[in-house]
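Hi everyone, thanks for making time this morning. I'd like to walk you through a structure that is new to most of you, so please have a look at it while I talk.

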Amino acid sequence: PTVEGNKIRDQTRRGVLVCARGQGSFIHNHISNSGWSNVEVRGDTGAAAGPEIEASELNQKKKAYASLGMLVPLSTDGVVIAGVLTDESGATSVTLRLNTI
């Protein structure tokens, strides 16, 4: 779904929650003053491989994406990422554009 042109504020827990394998777009919304987080994205939680292995895999992905010009820094103010985002498979795909968070 597409959520566009809304004011989402003063929520008890989360302004926006996207669950694992969720897909959609948030365009030109104002999301603020939520209790826990303004935006939470819950990706698939993989098997626990240990922090060293996960960090190594993340660095490998960063290098690969950077070499293709696809690594873009994003602001994480008010955004909580819980679990693992599975962008490679496209299972969790969220577009945030022109929002005030």
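Let me start with one term: a residue is called buried when its relative accessible area is under 20%, and exposed when that area is over 50%. Keep that in mind for a pair of residues, Glu40 and Arg14, both of which are buried. One more thing before we go on: what you see is a predicted model.

So, what is in it? The protein has eight strands and one helix. Starting from the N terminus, the order of elements is β-β-β-β-β-β-α-β-β. Of the 101 residues in the protein, 25% are buried. And if you take contacts between residues at least 6 apart in sequence, 60% of them join residues at least 24 apart.

Let's go back to that buried pair. The side chains of Glu40 and Arg14 form a salt bridge, with 2.6 Å from N to O. How many salt bridges are there in total? The count comes to one. This pair ties together distant parts of the chain, since Arg14 sits in strand 3 and Glu40 in strand 6, 26 residues apart.

Those two strands are worth a look together. Strand 3, residues 14–18, and strand 6, residues 37–42, pair in the parallel sense, over four bridges. Arg14 turns up here again, standing opposite Ser37 in strand 6. Strand 3 is mostly covered, with four of its five residues buried.

Now for the nonpolar side of things. Which residues make up the largest nonpolar core? There are seven: Ile8, Val16, Val18, Phe26, Ile31, Val39 and Val41. Strand 3 and strand 6 are the elements that give two or more residues to this core. Take Ile8 as an example: leaving out residues up to four places away in sequence, Ile8 touches Gly15, Val16, His30, Ile31 and Ser32.

Just along the chain from there, please find Asp10, in the loop between strand 2 and strand 3. Is Asp10 buried or exposed? Asp10 counts as exposed, because its relative accessibility is 52% and the cut-off for exposed is over 50%. Even so, Asp10 has partners from elsewhere in the chain: beyond its neighbours within four places in sequence, Asp10 is in contact with Ser32, Asn33 and Ser34. Gly35 is 25 residues away from Asp10 in sequence, yet their C-alpha atoms are 7.2 Å apart.

Let's move to the open sheet. Three strands form it, in the order 1-4-8, and the pairing is parallel. Strand 1, residues 2–4, and strand 8, residues 93–97, are the edge strands, each pairing on one side only. On average, neighbouring strands of this sheet are turned by 10° against each other, direction ignored. As a general reminder, strands of a sheet pair through backbone hydrogen bonds, either parallel or antiparallel.

What about strand 4? Strand 4 is largely enclosed by the rest of the structure, because four of its five residues are buried. With strand 1, strand 4 (residues 23–27) makes three bridges. Thr2 stands opposite Ser25 there, and Val3 stands opposite Phe26, a residue that also belongs to the core I listed. With strand 8, strand 4 makes five bridges, and the bridge partner of Gly24 in strand 8 is Val94.

Finally, two asparagines. Asn29 lies in the loop between strand 4 and strand 5. Asn29 counts as buried because its relative accessible area is 2%, where the cut-off is under 20%. A polar atom of the Asn29 side chain lies 3.2 Å from the backbone nitrogen of Gly5. Outside its neighbours within four places in sequence, the contacts of Asn29 include Val3, Glu4, Leu98 and Asn99.

That brings us to Asn99, in the segment after strand 8. The side chain of Asn99 reaches the backbone nitrogen of Asn29 at 2.8 Å. Again setting aside neighbours within four places, Asn99 is in contact with Phe26, Ile27, His28 and Asn29.

If you take one picture home, let it be the salt bridge between Glu40 and Arg14, both buried, and the open sheet with its strands in the order 1-4-8. Thanks for listening!

Conventions: Residues are numbered from 1 along each chain as its sequence is written. This is a predicted model: local features need pLDDT of at least 70, side-chain atom pairs count only at pLDDT 80 or more; totals for chains, interfaces and linings use all residues. Side-chain values use heavy atoms; hydrogens and water are left out. Two strands pair if DSSP finds at least two bridges between them. Axes are lines fitted to C-alpha atoms, for helices over the stretch in contact, and angles run from 0 to 180 degrees between N-to-C directions. Buried means under 20% relative accessible area, exposed over 50%, partly exposed in between (1.4 Å probe, protein chains only). A polar contact is a pair of N or O atoms within 3.5 Å; within protein, one must be able to donate a hydrogen and the other to accept it, and residues adjacent in sequence count only if both atoms are side-chain atoms. Contact means heavy atoms within 4.5 Å. A nonpolar core is a set of buried Ala, Val, Leu, Ile, Met, Phe, Trp, Tyr and Cys residues joined through side-chain atoms within 4.5 Å. A salt bridge is a side-chain nitrogen of Lys or Arg within 4 Å of a carboxyl oxygen of Asp or Glu.
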